[in-house]
Each structure stands twice: as structure tokens, then as C-alpha cells.
Amino acid sequence: MTIRFPSLEFFQALQQRTKEDKAVFEKLGTCDTNFGVKIGSQLYTIDFEVYECVDVREGGDPTRLDFVIGGPTEVWGEMVKAILQHGGADAKHTLNTLSHVGDVLRIETSDAEGHDKFYRFMASIQEFFDQARHLDVKVA
């Protein structure tokens with residue numbers, strides 16, 4: 001079944017992948033955070049506990065999240081396309097690169113702890129997105 005990106009179904013499929021590929025996430029360490037992914041004007045809320053994603057949903061209150069990763073739909077789409085093409089984000093399309101080089105993606109947080117959590121859990125969050133390599137995704 002083809003899953004459209006961006007969509008709630010896409011994030012639900014990634015959530016399921018954290019359960020199916022649990023060993024990969026265990027190697028990255030615990031990840032306890034609730035954060036947002038803002039694609040254009042659409043916000044998705046994602047909750048991680050220990051080694052897996054436990055909830056995804058549309059919307060949410062950004063002020064109650066640890067951080068929000070936000071950027072244009074086109075940039076997110078390019079990242080997902082790179083993941084599908086290379087089996088994971090290439091160096092130009094990682095969360096780290098996109099949030100630092102040219103500030104293409106913005107990290108929005110209300111405090112230093114939220115910003116720290118983005119960096120502390122970045123490997124797990126990147127792997128969360130990289131799990132798209134196992135999905136049949138159509139980038140809108």
C-alpha cells in the first residue's frame with residue numbers, strides 16, 4: 001500500500017516501524033521526548049518513550065512540546081526522497097545538516113532543555129525518519 005507524504009498515515013507507519021525494528025532503536029539508547037514536526041503549516045505531534053514511538057497525531061500545542069522541527073513542505077519532501085533513494089538520509093538531508101547548514105529546518109523550543117533534547121535524541125529521531133526506507137511512499 002502506497003503511503004502519501006506528508007500525512008498522518010506516514011507517521012503512523014513510522015511509529016509501527018519503531019516496534020518492528022526495535023533492536024535498531026535499542027542500540028541508539030532511550031529516547032523520552034514529545035516533539036512536533038511542522039511541515040508547512042501542518043503540525044504532527046510525536047511521542048517517544050524508552051525505545052519506541054508510542055503515539056503520533058495531527059495538531060497539538062507547540063508550547064507543550066519539547067521542541068518543534070519546522071520547515072517548508074518541499075524541504076521535508078526532499079529529505080524523504082533522499083531516504084527512499086539511499087536507504088537513509090544522505091549527508092545533505094539529515095536533520096543535523098538541514099537544521100544547521102543554511103537553517104533550512106528550524107528548531108523551535110521555549111527553553112534550553114527542549115533544545116538539548118533535540119540534540120540528545122537526534123540519532124533516534126533521524127532513524128525514525130530513515131525507517132521510511134521500508135515503506136512505499138509517494139512524496140506529494
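These are legends for a few views of the chain and of one lysine in it.

**About the model.** This is a predicted model, so to speak of local features we need pLDDT of at least 70, side-chain atom pairs count only at pLDDT 80 or more, and totals for chains, interfaces and linings use all residues. Residues are numbered from 1 along each chain as its sequence is written, and side-chain values use heavy atoms, with hydrogens and water left out.

**View 1. The fold, end to end.** You get 6 helices and 7 strands here (DSSP runs numbered from the N terminus: H or I of at least four residues for helices, E of at least two for strands). Walk along the sequence and the order is β-α-α-β-β-β-β-α-α-β-α-α-β. The C-alpha atoms fit a box of roughly 40 × 30 × 30 Å along the principal axes.

**View 2. What is tucked away.** Of the 140 residues, 49% are buried (under 20% relative accessible area with a 1.4 Å probe, protein chains only). Among contacts with a separation of 6 or more, 67% link residues 24 or more positions apart; contact means heavy atoms within 4.5 Å.

**View 3. Lys 117 and its neighbours.** Lys 117 sits in helix α5, residues 112-120. Is this lysine buried or exposed? Lys 117 is buried, at 15% relative accessible area. Leaving out residues up to four places away in sequence, Lys 117 touches Asp 32, Thr 33, Asp 66 and Phe 67.

**View 4. Lys 117 meets Asp 66.** The side chains of Lys 117 and Asp 66 share a polar contact of 3.4 Å (a pair of N or O atoms within 3.5 Å; within protein, one must be able to donate a hydrogen and the other to accept it, and residues adjacent in sequence count only if both atoms are side-chain atoms).

Notes:
Buried means under 20% relative accessible area, exposed over 50%, partly exposed in between (1.4 Å probe, protein chains only).
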